[in-house]
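This report describes a protein model and the ligand placed within it. Please examine the sequence and the structure together before reading on.

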Amino acid sequence: MTDDTPPLRPATRIAAAGRRKEWTQGIVNTPVWRASTILFDSVADLRRASASPNDRLYYGRRGTPTQWSLADALTELEPGAAGTMLYPSGVAAIAMALLSVLKPGDELLMVDSAYEPTRAFCRNVLAPMGITTRFYDPLAGGAIADLFSDATRAIFLESPGSLTFEVQDVPAICAAANARGIVTLLDNTWATPLYFPALAKGVDLTILACTKYIVGHSDAMLGSVTATAGHFEALRRTTHQFGQHVGPDDAALASRGLRTLDVRLRQHQAGALEVARWLETHPGVARVLHPALPTCPGHAIWARDFAGSTGLFAFVLQGGDDAARAALIDGLDHFGIGFSWGGFESLALPVDPAAIRSATRWQAEGPVVRLHIGLEDPADLIADLKRGLDRFAAGG
Ligand SMILES: *Cc1c(COP(=O)(O)O)cnc(C)c1O
């Protein structure tokens with residue numbers, strides 16, 4: 001390629017990413033290599049492998065081409081990345097990313113709209129290690145610099161926020177952090193690198209719960225952290241010290257899911273927008289929390305920074321109580337009731353964001369429902385929700 005060749009578009013990169021000939025041996029998909037012991041030809045060969053264990057088959061815990069192929073693909077999808085480490089879940093990825101940058105005495109700034117298990121990790125693991133956490137307003141933007149102390153070592157972002165969907169000014173926060181040598185970490189599970197290229201926007205370590213849109217079929221758990229050159233070695237060291245490993249079968253499922261990520265996200269995006277816009281017009285709905293709608297806090301930043309929106313959003317009911325919300329959800333025909341999201345199927349979940357906050361107050365006109373819009377026809381989902389809102393209006 002010459003210098004004036006435009007960068008390949010995401011759908012094209014997704015089809016080829018991670019499929020190195022040395023790993024596939026000519027098969028379209030990298031095979032599932034199951035391994036613990038790797039056998040060497042001689043003591044000298046074993047010693048050579050020990051000297052560079054990241055570059056060749058060494059021991060099962062360090063992975064095989066099955067896991068390397070997935071990690072390599074995720075690195076290729078993230079402009080500015082030096083490498084990717086894989087984890088058995090999204091929460092494990094968040095834990096390892098934080099532990100790779102923090103040490104006792106450090107202070108972490110954590111967004112107040114973070115995924116609840118991320119908050120719990122700060123409380124239950126970091127605090128007893130002598131690492132303090134201060135929560136900050138998701139809409140702080142560059143003014144986050146006012147919170148910096150000499151101990152501030154890292155800022156954790158999640159945009160849009162879990163449950164409430166505020167969009168953060170990631171470039172402004174990263175610029176402020178960079179100026180002070182503070183490390184930035186982003187939970188980018190909602191947008192994926194296709195709709196928000198995190199490292200290109202200034203983030204140092206970007207985290208995905210691959211369980212969601214990368215796997216995409218609700219049948220495997222996986223996480224990843226992709227880092228810049230300045231942070232990848234520490235991440236790899238920490239990951240190896242904690243013995244993190246992903247099974248080859250799960251890695252192969254994630255690689256298979258990845259190939260259709262672009263086309264699935266387009267459909268999730270279109271379906272979710274159709275449902276969200278319909279909900280906005282319904283008198284039983286007070287507000288819809290969806291980054292692509294102008295009423296969402298941070299919408300202008302979403303429009304500036306993101307290449308698209310995905311299938312997860314929430315809506316606030318007008319008045320009513322928990323029982324009425326349960327009546328709405330319980331009778332739905334096309335929405336499952338359960339945690340996680342990112343599969344082909346639609347889900348509905350009762351959520352209570354106000355109880356989780358500490359730095360900001362979150363107020364609502366009524367109970368909140370989070371939806372994941374799957375790949376079903378949106379007209380059927382809307383009809384289902386219409387019946388649900390009738391049950392809600394009847395008071396459960
Ligand atoms: C689900 C989720 C996680 C955790 O992923 P698991 O694979 O379930 O551990 C992390 N961050 C966000 C935003 C999530 O939605």
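The following paragraphs treat the domains, the ligand site, several individual residues and some backbone features of this predicted model.

**Domains**

The chain is split into two parts: domain 1 spans residues 10-258, and domain 2 spans residues 261-393. Between the C-alpha centres of domain 1 and domain 2 there is a separation of 27 Å. The two domains also touch, with 38 residues of domain 1 in contact with 41 residues of domain 2.

**The ligand site**

A shell of 14 residues lies around the ligand, and those that come nearest are Gly90, Val91, Asp187, Thr211 and Lys212. By character, the shell consists of 6 nonpolar, 5 polar and 3 charged residues. Which element supplies the largest share of the shell? It is helix H5, covering residues 90-101, which contributes 3 residues.

Three of the nearest residues place a nitrogen or oxygen atom, or another polar atom as described below, beside an oxygen atom of the ligand. The table gives the distance for each.

| Residue | Part of the residue | Distance to an oxygen atom of the ligand |
|---|---|---|
| Valine 91 | Backbone N or O atom | 2.9 Å |
| Threonine 211 | Polar side-chain atom | 2.6 Å |
| Lysine 212 | Polar side-chain atom | 2.7 Å |

Taken alone, the ligand exposes 380 Å², and the protein buries 91% of that area.

**Buried residues in and after strand S5**

Threonine 184 belongs to strand S5, which runs over residues 183-187. Is threonine 184 buried or exposed? Its relative accessibility is 1%, and because buried means under 20%, threonine 184 counts as buried. Apart from neighbours within four places in sequence, threonine 184 is in contact with Ile155, Leu157, Cys174, Ala177, Gly202, Val203, Asp204 and Leu205.

Asparagine 188 is located in the loop between S5 and H8. Although asparagine 188 sits in a loop, its relative accessibility is 0%, so it counts as buried. When residues up to four places away in sequence are not counted, asparagine 188 touches Pro193, Phe196, Ala198, Thr206, Ile207 and Leu208.

**Leucine 139 and isoleucine 301**

Leucine 139 lies in the loop that links strand S3 (132-136) to strand S4 (152-158). Its relative accessible area is 45%; this value falls between the limits of 20% and 50%, and therefore leucine 139 is classed as partly exposed. Setting aside neighbours within four places in sequence, the contacts of leucine 139 are Glu166, Val167, Pro297 and Gly298. Leucine 139 and proline 291 are 152 residues apart along the chain, while their C-alpha atoms are separated by 13 Å.

Isoleucine 301 is part of helix H12, which comprises residues 299-305. How does its accessibility compare with the limit for a buried residue? At 19% relative accessibility, isoleucine 301 counts as buried, because the limit is under 20%. Beyond the residues up to four places away in sequence, isoleucine 301 touches Val167, Gln168, Asp169 and Phe306. Val167 is thus named among the contacts of leucine 139 and among those of isoleucine 301. Glutamate 166, which is in contact with leucine 139, is 135 residues from isoleucine 301 in sequence, yet the two C-alpha atoms are 9.8 Å apart in space.

**Backbone features**

Most residues other than glycine have a negative phi, and most peptide bonds are trans. Several places in this model depart from that pattern.

Where does a cis peptide bond occur? It joins serine 159 and proline 160, with omega at about -5°. Proline 160 is found in the loop between S4 and helix H7, the latter covering residues 170-179.

Threonine 192 is not a glycine, yet it has a positive phi of about 60°. Threonine 192 lies in helix H8, which covers residues 192-195. With a relative accessibility of 1%, threonine 192 counts as buried.

Serine 218, also not a glycine, has a positive phi of about 60°. Serine 218 occupies the loop between strand S6 (205-209) and strand S7 (223-227). Its relative accessible area is 44%, and so serine 218 is partly exposed.

Key:
Residues numbered from 1 in each chain as written. Predicted model: local features only at pLDDT ≥ 70, side-chain atom pairs only at ≥ 80, totals over all residues. Heavy atoms only, no water. Near = heavy atom within 4 Å. Polar contact = N/O pair within 3.5 Å; in protein donor to acceptor, adjacent residues only side chain to side chain. Areas by Shrake-Rupley, 256 points an atom, 1.4 Å probe, with all protein chains shown as cover. Helix = DSSP H or I, 4+ residues; strand = E, 2+ residues; numbered from the N terminus. Nonpolar A, V, L, I, M, F, W, Y, C, P; charged D, E, K, R; others polar. Buried < 20%, exposed > 50% of the residue type's maximum accessible area, 1.4 Å probe, protein only. Contact = heavy atoms within 4.5 Å. Domains from an automatic or database assignment.
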